Amino acid sequence: MLVAGIDSSTQSSKVVVCDVADGRVVRSGSAPHPTGTEVHPDQWWQALGSAIEAAGGLDDVAAVSVGAQQHGMVCLDESGEVVREALLWNDTRSGPAADELIADLGGPQQWVDEVGVVPVASITATKLRWLADNEPANADRTAAVCLPHDWLSWKLTGSTDLADLWTDRSDASGTGYFSAAADEYQPRLLELAMRGRAPMAPRIVGPAQNGGAMRSGAGIGAGAGDNAAAALALGAVPGDCIVSLGTSGVVSAVSDSAPTDYAGLVAGFADATGRQLPLVCTLNGAPVLAAVAKMLDVDFDTLSDLALSAPAGADGLSLVPYFEGERSPNLPRTRGALHGMTGRNLNSANIARAGVEGLLCSLQYCADRIRDQGIEINRIILVGGGARSAAIRELAPAIFARPVVVPEPGEYVALGAARQAAWSLDPTSEAPRWSAADERVYEADPTPHVVEQYHEASGLTVGRN
Ligand SMILES: Nc1ncnc2c1ncn2[C@@H]1O[C@H](COP(=O)(O)OP(=O)(O)O)[C@@H](O)[C@H]1O
Ligand SMILES: O=C(CO)[C@@H](O)[C@H](O)COP(=O)(O)O
């Protein structure tokens, strides 16, 4: 028997078709998404169609689940039509709206107490506030608001009835109007964001339940936010810290208790099994490496070789990778910087090294914020497109000062969605035990001076937001 998992990520749609007995991938496909931080959901639907076709179709699968980029604001009118392009998690125009919402409720502590999250530009609620203030006619037309994975799951059913929309607690917890700790929506926060309007939000479906079915009869699982889906694929348990280098840089840890970070860096999101997934996310992930490679006019392998040929600390150069503004720390208007340049250290190898080290140090900062919450980190698991870089894999243990486990390259979000689909076929049991991916453990002597040098440089950048 076969099941399928989908990842509608920032950059592409990916589909894996797996054998339900052991999780073996029997077919797969992918298709790119348009670039930009504002995308019409129809473009995801088209890309998903191409990815499904490339994966040999879904006619023979017993169940499917969708994982996707979190937070994207998908507004639907009464008849189920998309009201406007979706604003994605990495669209920072709602930075000022985030500040306003924090003040409206009485400060960050109130937000953490109500939903475990302090609004930043990425969170759906701040995008809705931006909509209410800048496009009131579109806000008036919005009868339902949902997320990328909710919308795609609903499209797979063929329904246009808003009452058929569903989501899961992992993705709902990224909206700013759902509490992962209490496991329920906080409708007054949705109304606060929409300045009194009360669009409907999708019903919440349990981790192993079906939300609907495809015309073929295949069930469609609850689905999940991409980070929760990856955690499910990796079988993460308390003590594991997942570092994902996709378009975003994400550090998350499965936990039995919700975090309480009044500073607003550690978001109290939910996982895809019923537990919590405290998470810190940056706006600047693997594309930082692509930008440095482009600037040096080299491919990824050469970038890696160059970085590994330079000394730790790049002879004093530090690259602060806030290229798209930043979310962790919350500096939506800041930009990246290269610090410590001298006439002697400015060469390609040192710039490559500073790019890799800067990216890793920005994630190490996130891991420290998770640790500040009293969450134990026994091992780091590195995934995402950026983990394909040899320099990232080899320098990560030196920056994180602990061994780093790198599973074989794979589409872990789509695999987590497939595992959830398999679980939905037998919801009374635990998620199926699939054989673990082959993995390699990377170890290195810690380089605290590199981290210190980076933090000195990033402190200068912070002052410029
Ligand atoms: N060998 C490599 N070295 C560095 N970056 C890479 C490498 N291979 C892929 N990437 C980057 O990984 C990213 C895609 O990773 P992925 O996890 O699929 O992202 P997303 O889930 O956001 O779509 C792209 O930015 C791509 O440039
Ligand atoms: O905003 C977040 C998590 O809070 C991001 O992780 C998005 O979910 C996008 O993920 P990628 O496309 O980078 O995988």
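**Ligand 2**

I started with ligand 2 and found 15 residues around it, the closest being T10, H71, D226, S248 and R327. Here "around" means that a heavy atom of the residue lies within 4 Å. The model is predicted, so I kept the limits in view: local features need pLDDT of at least 70, side-chain atom pairs count only at pLDDT 80 or more, and totals for chains, interfaces and linings use all residues. Residues are numbered from 1 along each chain as its sequence is written, chains are lettered from A and ligands numbered from 1 in written order, and side-chain values use heavy atoms, with hydrogens and water left out.

By class, I sorted this shell into five nonpolar, eight polar and two charged residues. Nonpolar covers Ala, Val, Leu, Ile, Met, Phe, Trp, Tyr, Cys and Pro; charged covers Asp, Glu, Lys and Arg; the others, Gly among them, are polar.

Next I looked up polar contacts (N or O pairs within 3.5 Å). R327 places a polar side-chain atom 2.7 Å from an oxygen atom of ligand 2. Q70 uses a polar backbone atom, at 2.8 Å from a ligand 2 oxygen. An N or O atom in the N227 side chain sits 3.1 Å from an oxygen of ligand 2. Alone, ligand 2 exposes 380 Å², and the protein buries 95% of that. The areas come from the Shrake-Rupley method with a 1.4 Å probe. Two elements, α9 (226–234) and β19 (276–282), give two or more residues each to the ligand 2 shell. Helices (H or I, at least four residues) and strands (E, at least two) are DSSP runs, numbered from the N terminus.

**Ligand 1**

I then turned to ligand 1. Its shell also came out at 15 residues, with S9, Q11, K14, T247 and G385 closest. The classes are four nonpolar, nine polar and two charged.

T247 has a side-chain N or O atom 2.5 Å from a ligand 1 oxygen. For the Q11 side chain I noted 3.1 Å to an oxygen atom of ligand 1. G385 contributes a backbone N or O atom, 3.0 Å from an oxygen of ligand 1. Ligand 1 exposes 580 Å² when taken alone; the protein buries 78% of this.

**Pocket**

I checked the second largest pocket, with a volume of about 880 Å³. A pocket is an open set of points on a 1 Å grid over the protein atoms alone, with protein on both sides within 12 Å along at least five of seven lines; lining residues have an atom within 4 Å of a point. I found 38 lining residues, and L232, A233, L234, G235 and R419 lie nearest the centre. Helix α9 gives the largest share, five residues. At least two residues each come from α9, β22 (379–383) and α14 (412–424). The lining holds 22 nonpolar, five polar and eleven charged residues.

**Cavities**

I looked for cavities, where a 1.4 Å probe fits but cannot get out. There are three of 30 Å³ or more. The largest has a volume of about 50 Å³. Its lining includes V145, D150, Y177 and P202. I counted eight nonpolar, two polar and one charged residue in that lining.

**Record**

I last read the UniProt annotation, from an unreviewed entry: "domain: Carbohydrate kinase FGGY C-terminal" covers residues 243–424. Such annotations may be inferred rather than shown by experiment. In the model, the end C-alpha atoms of this span lie 27 Å apart, and the span is 38% helix and 19% strand.

Key. Polar contact = N/O pair within 3.5 Å; in protein donor to acceptor, adjacent residues only side chain to side chain. Points joined across faces, edges and corners; volume = space filled by probe spheres on them.
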